[in-house]
Amino acid sequence: MTDHTLKKNPASIPHSIWPADELKRAEQEAADSLGITLYELMQRAGQAAFTVAREHYPGAQHWLILCGHGNNGGDGYVVARLAAAAGIEVTLLAQESDKPLPEEAHAAREAWLDAGGAIHAPTLAWPEGVELIIDGLLGTGLTDAPREHIAALIEHANQHPAPVLALDIPSGLLAQTGATPGAVINAAHTLTFIALKPGLLTGKARDVVGQLHHHALGLESWLAGQETHITRFDATQLADWLPPRRPTSHKGDNGRLVIVGGDHGTAGAIRMTGEAALRTGAGLVRVLTRSENIGPIITARPELMVHELTAQSLDESLEWADVVVVGPGLGQQAWGKDALRKIENFRKPMLWDADALNLLAINPDKRHNRILTPHPGEAARLLNCSVAEIESDRLLSARRLVKRYGGVVVLKGAGTVIACENGETGIIDAGNAGMGSGGMGDVLSGIIGALAGQKFSLYDAACAGCVAHGAAADRLAARYGTRGMLATDLFSTLRRVVNPDVIDVNHD
């Protein structure tokens, strides 16, 4: 059986993402422009959720529905009424509050009661035989840890054997950031309404969202006319980025890439970066490294041009190169520092990774022709804060890095975030837990560097490179699983991924 984390989001999921705090305004604006009431939207949300539940759990005849004291709970009341009308046994637990329910949620609650439904206190002992749980406790407005009484319900649902369908977002997951400051529903399926929220795709999202579904509630025409600055990128877009090459193209058209690094004991890092660049279609790749690494690297991959890193070879290579990648295995001693000092004034596209980032944190500067590819630990050093602070708001962290260092930033992790100076932000919807092994970042640097050499903009090279990296890993994981995946294993599937026009005869 395939690990649930390998399930790819279906093609129906949109590529535009809305900041969570804009959605309330957008919902009202869209409804007004189309002449739809918010209560009608709630009816549509409930119907969509009921349909997903029936599709995936057709045999479930007893549903437990958890309703919070907001419009998320209102959606739950609609689901309850539809389920009861279909002959399903429904047990509904609702949070009580001194504050009145929002108007639409109140109407949905009354409709449930008018249909003969019962509302139980959240302290009710859960009945035997519950086969499906509907989570309508907390919606997208949550900005902190759930309160104790709701946290207890969340923990109870997580310990129960029945699967959970979350309405809009798993309760406890923050819609803007993907952070989980307290208890959070571990959903088997999440149906999100109107638009995607960033927190469904980054941070802790993959641990708790399960399979993500989307329903625009009939607002598609309005949404299509809106502009957003956050985009979901996935493998379906590779064909747009990577069309077939012209028959007359030659190596000179495909980029001259110089890769600098591989101090004592780290030849592997620089070799992986070099081969990844070749497998991504770089025309010529020159590696500058320690003299003792030359023989092993050429033996392993003779298509790489490998030279000892000296002041002269670096000067000549910078003159020759279209793109420079620096950092894999660079170290933080004088050898690496001296090279970085020369490279920092390179005027063409460059990518800094690994020790180049650690050295940059010591001597910060701002460059507009540079891609930075930090993992959360490196990002924390670059911003002089904790890893927890980076992970608590990954989008904000990526934007802070761009503001301080310029260029394009790739904040790696589950749901990699890419930010650039014009305000565009991407979230990568590809990759899996098998990528948590040494050398994966070195491979990514080579992929992005190769694409930059093939005339991609810095932002497009970063986005397309991260998708290709993740998609190559996803192909491997689907075939072999996630444990034991090596960075060099990606070379076999990477070549296939960067040629999306090729038809899969063997369905690999």
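The expected span of a helix is 1.5 Å times one less than its number of residues, and this rule is applied to helix α4 in the first of the views below, which are drawn from a predicted model.

**View 1. Helix α4 and its buried side.** Helix α4 comprises the 12 residues 103–114, which at 1.5 Å a residue should span 16 Å, and the end C-alpha atoms are indeed 16 Å apart, so the expected and computed values agree. The buried residues of α4 are Glu104, Ala105, Ala108 and Trp112. Because they cover an arc of only 100° around the axis, these four residues lie on the same side of α4. An α-helix has 3.6 residues a turn, so residues three or four places apart point the same way. The cover over the buried residues of α4 includes α2 (38–56), α3 (71–85) and β3 (89–94), whereas the exposed residues Glu103 and Asp114 are carried on the face turned away from the buried side. Just after α4 comes glycine 116, which takes a positive phi of about 90°.

**View 2. The open parallel sheet of 6 strands.** The strands of this sheet follow the order β3-β2-β4-β5-β6-β7, and their pairing is parallel. β3 and β7 (211–215) are the edge strands, each of them pairing on one side only, and from one strand to the next the twist averages 20°. Within the sheet, strand β5 (residues 164–167) runs parallel to strand β6 (residues 189–193) and is joined to it by 3 bridges, with leucine 165 having histidine 189 in β6 as its bridge partner. Helix α2 lies across β2 (62–67), β4 (132–136), β5, β6 and β7, and runs at about 155° to β6.

**View 3. The open mixed sheet of 11 strands and helix α17.** Here the strand order is β1-β8-β17-β16-β15-β14-β13-β12-β9-β10-β11, and the pairing is mixed. The edges are formed by β1 (16–17) and β11 (305–308), each of which pairs on one side only. Helix α17 (residues 440–453) packs on this sheet, where it touches β9, β12 (323–326), β13 (350–352), β14 (370–372) and β15 (408–411), and its direction makes about 165° with that of β12. Strands β9 (residues 256–260) and β10 (residues 284–289) pair in the parallel sense over 5 bridges, and arginine 256 stands opposite leucine 284 in β10.

**View 4. Strand β8 between β1 and β17.** Strand β8 (residues 230–233) is covered on both faces, with Ile230 and Arg232 buried on one side and Thr231 and Phe233 buried on the other. In a regular strand the side chains alternate between the two faces of the sheet. The partners of β8 differ in sense: β1 and β8 run antiparallel and are joined by 2 bridges, while β8 and strand β17 (residues 425–428) pair in the parallel sense over 4 bridges. Serine 16 stands opposite threonine 231 in β8, and the bridge partner of isoleucine 230 in β17 is threonine 425.

**View 5. Arginine 290 in the loop after β10.** Arginine 290 is placed in the loop between β10 and α10 (291–300). The side chain of arginine 290 makes a polar contact, at 2.8 Å, with the side chain of aspartate 263. When residues up to four places away in sequence are not counted, arginine 290 touches Gly262, Asp263, His264 and Trp335.

How values were computed. Residues numbered from 1 in each chain as written. Predicted model: local features only at pLDDT ≥ 70, side-chain atom pairs only at ≥ 80, totals over all residues. Heavy atoms only, no water. Buried < 20%, exposed > 50% of the residue type's maximum accessible area, 1.4 Å probe, protein only. Arc of directions from axis to C-beta. Contact = heavy atoms within 4.5 Å. Pairing = 2+ DSSP bridges. Axes fitted to C-alpha atoms, helices over the stretch in contact; angles between N-to-C directions. Polar contact = N/O pair within 3.5 Å; in protein donor to acceptor, adjacent residues only side chain to side chain.
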